[in-house]
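Me: Could you take a close look at a single part of this chain, the place where two of its elements meet through their side chains? I would like one connected account rather than a list.

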Amino acid sequence: MAQSGALDRTPFLQIWIRSLNKEIGPAFTRVNTYFTAMWLGYPIIWALGPLGLGLLDSLTEVALFVILPIFSKVGFSIYDLHELRKLAPKFPQYDEPDPRSRLRQTVN
């Protein structure tokens, strides 16, 4: 795909283009859904807690705020790596860095 200007380099357009790929799109959607659901948990817990609607007591709210980062950060990382490993066989050209790359030259 030829670059036509600064708009092609914007993150939102790159994400949209990647989501159109039939192999990457479904994986992107699954990872994005997990990420969004986990991060929506923060305001929902706050809204249900003592400072919001008061449906949760302080101990439950604190416990959820301790558990949620584990799922939203560590869990997301594990799930994202799982999806990337499922995609790897479909894109073998990205398995090894280019032998002429700067990273490869500094390692050798």
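Reply: What follows begins with the chain as a whole and then turns to the contacts between two of its elements.

The model is a predicted one, and the values below should be read with that in mind. The chain has 108 residues, of which 18% are buried. There are 4 helices and 0 strands, and read from the N terminus the order of elements is α-α-α-α. The chain exposes about 8500 Å² in total, and carbon and sulfur atoms supply 68% of that area. Among contacts with a separation of 6 or more, 45% are made by residues 24 or more positions apart.

The part to examine is the pairing of helix H2 (residues 24-48) with helix H3 (residues 58-87), and a suitable place to start is Ser72. This serine is found in helix H3, where a relative accessible area of 2% puts Ser72 among the buried residues, because the cut-off for that class is under 20%. Once the neighbours within four places in sequence are set aside, Ser72 is in contact with Met38, Trp39 and Tyr42. With Tyr42 there is also a polar contact, in which the two side chains are joined at 3.1 Å.

Two of those partners, Trp39 and Tyr42, lead directly into the aromatic residues. The count for the chain comes to 5 aromatic pairs. One of them is formed by Phe35 and Trp39, whose ring centres lie 6.2 Å apart with 45° between the planes, a tilted arrangement. Phe35 and Trp39 are 4 residues apart in helix H2, so about one helical turn separates them. Phe35 is partly exposed at a relative accessible area of 36%, and Trp39, at 37%, is likewise counted as partly exposed.

Another pair is that of Tyr42 and Phe65, which is stacked, with 6.2 Å from centre to centre and 15° between the planes. Because Tyr42 lies in helix H2 and Phe65 in helix H3, this pair ties together parts of the chain that are 23 residues apart in sequence. Tyr42 counts as buried at 17% relative accessibility, whereas Phe65, at 28%, counts as partly exposed. The tyrosine that makes the polar contact with Ser72 is therefore also a member of a stacked pair that ties helix H2 to helix H3. Taken together, Phe35, Trp39, Tyr42, Phe65 and Phe76 form one aromatic cluster.

Charged side chains add a further link between these helices. The chain holds 2 salt bridges by count, and in one of them the side chains of Glu83 and Arg30 meet at 2.8 Å, N to O. Glu83 belongs to helix H3 and Arg30 to helix H2, so this salt bridge ties together parts that are 53 residues apart in sequence. Glu83 is buried, with 3% relative accessibility, while Arg30 is partly exposed, with a relative accessible area of 35%. Apart from residues up to four places away in sequence, Glu83 touches Ala27, Arg30 and Val31.

In the other salt bridge, the side chains of Lys86 and Glu83 meet at 3.5 Å, N to O. Here the partners both lie in helix H3, 3 residues apart, which is about one turn of the helix. Lys86 is partly exposed at 42% relative accessibility. Arg30, Glu83 and Lys86 are thus linked in a network of salt bridges, and Glu83 takes part in the bridge to Arg30 as well as in the bridge to Lys86.

The surface offers one more feature to place beside these contacts. Val62, Val66, Ile67, Ile70, Phe71, Val74 and Ile78 make a nonpolar patch of about 660 Å², and one of these residues, Val62, has its place in helix H3.

In sum, helix H2 and helix H3 are tied by the stacked rings of Tyr42 and Phe65 and by the salt bridge of Glu83 with Arg30. Ser72, a buried residue, adds its polar contact with the side chain of Tyr42.

Notes:
Residues numbered from 1 in each chain as written. Predicted model: local features only at pLDDT ≥ 70, side-chain atom pairs only at ≥ 80, totals over all residues. Heavy atoms only, no water. Helix = DSSP H or I, 4+ residues; strand = E, 2+ residues; numbered from the N terminus. Buried < 20%, exposed > 50% of the residue type's maximum accessible area, 1.4 Å probe, protein only. Polar contact = N/O pair within 3.5 Å; in protein donor to acceptor, adjacent residues only side chain to side chain. Contact = heavy atoms within 4.5 Å. Areas by Shrake-Rupley, 256 points an atom, 1.4 Å probe, with all protein chains shown as cover. Phe/Tyr/Trp six-rings, centres within 6.5 Å; stacked < 30°, edge-to-face > 60°. Salt bridge = Lys/Arg side-chain N within 4 Å of Asp/Glu carboxyl O. Patch = residues over 30% accessible without salt bridge, like charges linked within 9 Å, V, L, I, M, F, W, Y side chains within 5 Å.
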